[in-house]
Each structure stands twice: as structure tokens, then as C-alpha cells.
Amino acid sequence: MRLVIEKGSVMKKTICASLFAVLLAPAIAAAQAPKGLGTEEFGMSPRELVQAIEKTEELIARCMREEGFQYVAADHNTVRAGMTADKNLPGLSEEEFVSRYGFGVSTFYTGLPPQLSTAYSPARVGLGERNVQVFRKLSPADQVAYNRALLGEDVTSTFAVALETEDLSRTGGCTRKAAAETFKPDQLKASHYNPLDAHVNKDPRMKAALGFWQREMKKAGFDYGHPDEIEPDLRSRLTALTEGGKLLVSKMSPDQKAALRKLQDHERLVAVKSHKMHEEVLTPVEERIQEELFSRKVQ
């Protein structure tokens, strides 16, 4: 791990080196992984995640048939591809992506439904090419009705996106109905937090690292208490600015376009700072704690 400190500050280097030596040191009594605590989204095991994806997709397809629309249940690999497409573009490292596009929340906004996106769109990838083609053959009016049935009011919150962000609260339509039959009631709430992450955050070493992260972010002008607060805040701001994500950029007023550019600039700046701090400060501590929990490196 390399921690970048102001040049010429030997004292700061010494203090930070000592700090992270403590943070990375084994706990006096390393906690054991709680029973049933999985390493995948929503605290599931890899097998449980596959089963949840397959069940939810089948339920979405059934619900869409009842609504009078064709929907092909996406397989696990397709949904997983949508999840891994987050902050990922061919030819770019994650660091390069973050530098150019932030978290990809407001920087790729067009107002178009995901199926019509031709650029970066984890939502489109997770739906699967067959469903995208079905959508594109519909009339504009039927496309609106299709997405209302599939996704409800928030057309950006597809099942793959909801899984990756671990936020099922924004889902709607058949996606929400299917998720409600697959996931536990508390997992459908915005307040739900991955139990593994919650367990890691309780560790004194992570608490210290998060405190350091928060102080450094505040020095840079960003008042967030935790990295997980940033993207929801950006999505909330974007939703308010774009009439729930339905306002086409081409239909925006000059003031609205200026506000969008301002939000995009903010997203890039906060993403770069947070990503740097996360990689240099939080990730090493998190990996150490998980190694102790599971007696192996968690991918």
C-alpha cells in the first residue's frame, strides 16, 4: 500500500505509517465470520446469489407475460455481466474510468431508456440482448408502457443495477414484484445494509480508517460520512434535476443543462478523491479484516 503525503512532511509520513501499521495489525482477538454471512451482494453466498437471480428473472418473465409483454428471463451470466459493467469500459482501468466519468451516474445521462442507450449502460447489459431487441421493435408508446410494466417509475433501476448497488428500494413494476417474492422484506428497504459490510464497519480498525477517510474528504470540500453515501446522493440529485430521469438532455433548458454539467463536474471530483482514498486507506484494512473472518482472501 502506498499512502501519498504532502511532500517534505516527515512527521506526517511517520504518523500515517504508524496509523496504518495499527490499522493493518491483527485484532487482539480476531472475530470469526458469523454463521450464514456470505460474501456476495446482500450477504448471500455465490450459490444463493445464482439461485436468487434465476428465481427473480423467471418471476419477472411471468409477470411481464401477464402484462401482455414479451420478456426473456436473463440467465445468471447476463445479470452478472450487467453488475460487473458498473464503472467499467473496455480499454479503461477503473482509475481512468473514475477520472473521466466519476461513478457513471450523471456523466452518462441522456434521458433515454437503457434499452436505447448506445454508450455505457450496465442497465442495458443486464437486461440481455434479446430483451433489448424486443424493446427496440416496439412503438414509442409501447416502449413507455413496456418499461412502466417492467421497471415502474425509475427506468434506470433494472434488476442487475439494483443488485450491484444493493438497493432494491428503487425497483418498480414486475422487477419489484419479483424481487419481493425472492428477497426478504428488510432487503427491499433503502435502509438495508449488506451484513458483511456492516460487520466489517464495526471493527475498530475500519472505524479508524473511515474516520481518516471522512476527515480527508472534508478537507477536500466533500461532506460525506461514508463512501456508500456518495452514489445515492448523486442519484438523488440527478433524479430531482431530470424529472425522475425522464427529461431528455435535448429537451433541457440552458439552465438545466448548466445544472447537469455542474453535477457532472462535482461527480468527477468527488469520485476521484473518494476512489483514491478508498484504494489507499480503506481497501487494505477491509481485506485484512475479511482475511481474518474467512481465513482466506475474499475476492
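These legends accompany a set of close-up views of one predicted model.

**Figure 1. The whole chain is built from helices, with no strands**. Let us start with the overall fold before zooming in. The chain holds 13 helices and zero strands, so that reading from the N terminus gives α-α-α-α-α-α-α-α-α-α-α-α-α under the DSSP-based assignment. The chain has 299 residues, and 47% of them count as buried. The views that follow visit salt bridges, a charged surface patch, loop residues and a polar contact.

**Figure 2. D86 and K87 pair through their side chains**. The N to O distance in this salt bridge is 2.7 Å. The two partners differ in how they are covered: D86 is partly exposed, with a relative accessible area of 23%, whereas K87 is buried at 14%. In general, side chains of opposite charge can pair when their charged atoms come close. Across the model, the count comes to 14 salt bridges, and the next two views show further examples.

**Figure 3. R237 and D233 form a salt bridge within helix α12**. Their closest N and O atoms are 3.1 Å apart. Both residues belong to α12, which covers residues 230-241. Because they are four residues apart in this helix, R237 and D233 are separated by about one helical turn. Each partner is partly covered here: R237 is partly exposed at 39% relative accessibility, and D233 is partly exposed at 23%.

**Figure 4. D265 and R268 meet in a salt bridge on helix α13**. The N to O distance is 3.3 Å. D265 and R268 are three residues apart in α13, so about one helical turn separates them. D265 has a relative accessibility of 43% and counts as partly exposed, while R268 is partly exposed at 26%. Elsewhere in the model, salt bridges with shared partners link D86, K87, E231 and R235 into one network. The D86 and K87 pair of Figure 2 is thus worth revisiting with E231 and R235 in view, because the salt bridges of this network share partners under the 4 Å rule.

**Figure 5. Six glutamates gather in a negative patch on the surface**. The members are E94, E95, E96, E279, E287 and E291. Two helices each supply at least two residues of this patch: α4, spanning 94-101, and α13, spanning 254-294. Which helix holds E96? E96 is found in α4. With a relative accessible area of 37%, E96 is partly exposed.

**Figure 6. V105 and R235 bring two separate stretches of the chain together in space**. Their C-alpha atoms are separated by 6.5 Å, although the residues are 130 positions apart along the chain. V105 sits in the loop between α4 and α5, the latter covering 122-127. Is V105 buried or exposed? V105 is buried, with a relative accessible area of 15%. R235 has already appeared above as a member of the salt-bridge network with D86, K87 and E231.

**Figure 7. F42 and E166 are non-glycine residues with positive phi**. Most residues other than glycine have a negative phi. F42 has a phi of about 60 degrees, and E166 has a phi of about 55 degrees. Both are loop residues: F42 lies between α1 (10-24) and α2 (46-66), and E166 lies between α8 (159-165) and α9 (173-182). F42 is buried, with a relative accessible area of 3%.

**Figure 8. T171 approaches L151 from the loop between α8 and α9**. The C-alpha atoms of T171 and L151 are separated by 6.3 Å, and the two residues are 20 apart along the chain. At 7% relative accessibility, T171 counts as buried. E166, shown in the previous view, lies in the loop between α8 and α9 as well.

**Figure 9. The side chain of Q143 contacts the backbone of L138**. A polar atom of the Q143 side chain lies 3.4 Å from the backbone oxygen of L138. Where is Q143 found? Q143 is found in helix α7, which covers residues 140-151. Q143 counts as buried because its relative accessibility of 12% is under the 20% cut-off.

Terms used. Residues numbered from 1 in each chain as written. Predicted model: local features only at pLDDT ≥ 70, side-chain atom pairs only at ≥ 80, totals over all residues. Heavy atoms only, no water. Patch = residues over 30% accessible without salt bridge, like charges linked within 9 Å, V, L, I, M, F, W, Y side chains within 5 Å. Areas by Shrake-Rupley, 256 points an atom, 1.4 Å probe, with all protein chains shown as cover. Lys, Arg positive; Asp, Glu negative; His and termini not counted. Charge placed at Lys NZ, Arg CZ, Asp CG, Glu CD. Buried < 20%, exposed > 50% of the residue type's maximum accessible area, 1.4 Å probe, protein only. Polar contact = N/O pair within 3.5 Å; in protein donor to acceptor, adjacent residues only side chain to side chain.
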